[in-house]
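Got your viewer open? Let's take a walk through this one together, one selection at a time.

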Amino acid sequence: MTMADERWLLGVDGGGSKTAVNIARVDDGVMRVVAKTTGEPSNLRALGTETALQNLNGAIDRALDAC
């Protein structure tokens, strides 16, 4: 399998109390979650754009590091 054949999924639930991130890999039609993390809230309206994006990026970075 080449890198082009790989399928990866990133799921993000950015809310007012926390940000949940899941990363999954699909092999032969079977999805397997390879990383799950939570982080600080990332609700734009409650926190403002800068803080929300920082928190979102932090949660995604932690999930990527866990892969």
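## Start at threonine 37

Click on threonine 37 and look at what surrounds it: leaving aside its neighbours within four places in sequence, threonine 37 is in contact with Thr19, Ala20, Val21, Ala59, Arg62 and Ala63 (contact means heavy atoms within 4.5 Å). Threonine 37 sits in strand 3, residues 30-39. Helices (H or I, at least four residues) and strands (E, at least two) are DSSP runs, numbered from the N terminus.

Is threonine 37 buried or exposed? It counts as buried, because its relative accessibility is 16%. Here buried means under 20% relative accessible area, exposed means over 50%, and partly exposed is in between, with a 1.4 Å probe and protein chains only. Now draw a distance from its side chain: a polar atom there lies 3.1 Å from the backbone oxygen of alanine 59.

Before you go on, a word on what you are looking at. This is a predicted model, where local features need pLDDT of at least 70 and side-chain atom pairs count only at pLDDT 80 or more, while totals for chains, interfaces and linings use all residues. Residues are numbered from 1 along each chain as its sequence is written, and side-chain values use heavy atoms, with hydrogens and water left out.

## Zoom out to the whole chain

Switch to a cartoon view. You should find 2 helices and 3 strands, and reading along the sequence gives the pattern β-β-β-α-α. Turn the chain around: its C-alpha trace spans about 45 × 20 × 15 Å along the principal axes. The chain has a radius of gyration of 14 Å, whereas a compact globule of 67 residues would have one near 11 Å. That radius is taken over C-alpha atoms, and the globule rule is 2.2 Å times the number of residues to the power 0.38.

Colour by burial next, and 25% of the 67 residues count as buried.

## Select helix 2

Pick residues 49-66. Helix 2 has 18 residues and reaches 26 Å from its first C-alpha to its last, close to the expected 26 Å at 1.5 Å a residue. The expected span is 1.5 Å times one less than the number of residues.

Which residues of helix 2 are buried? They are Ala52, Asn55, Gly58, Ala59, Ile60 and Ala63. Show what lies against them: these buried residues pack against strand 1 (7-14), strand 2 (19-27), strand 3 and helix 1 (44-47).

Stay on helix 2 and click asparagine 55. Asparagine 55 counts as buried because its relative accessible area is 19%. A polar atom of its side chain lies 2.7 Å from the backbone oxygen of proline 41. Not counting residues up to four places away in sequence, asparagine 55 touches Glu40, Pro41, Ser42 and Leu47. For a sense of scale, draw a line to arginine 25: the two are 30 residues apart in sequence and 24 Å apart in space, C-alpha to C-alpha.

## Find the core

Select Val21, Ile23, Ala35, Ala59, Ile60 and Ala63, and you have the largest nonpolar core, 6 residues in all. A nonpolar core is a set of buried Ala, Val, Leu, Ile, Met, Phe, Trp, Tyr and Cys residues joined through side-chain atoms within 4.5 Å. Strand 2 and helix 2 are the elements that give two or more residues to this core, and helix 2 supplies the largest share, 3 residues.

Click isoleucine 23 in that group. Leaving aside neighbours within four places in sequence, isoleucine 23 is in contact with ten-odd names worth labelling, including Trp8, Leu10, Val34, Ala63 and Cys67.

## Finish at two aspartates

Aspartate 27 is in strand 2. It is partly exposed, because its relative accessible area is 23%. Measure across to arginine 7, 20 residues away along the chain, and the C-alpha atoms are separated by 7.3 Å.

Now select aspartate 28, found in the loop between strand 2 and strand 3. Aspartate 28 counts as exposed because its relative accessibility is 78%. Check its backbone too: aspartate 28 has a positive phi of about 50°, although it is not a glycine.

Definitions and conventions:
A polar contact is a pair of N or O atoms within 3.5 Å; within protein, one must be able to donate a hydrogen and the other to accept it, and residues adjacent in sequence count only if both atoms are side-chain atoms.
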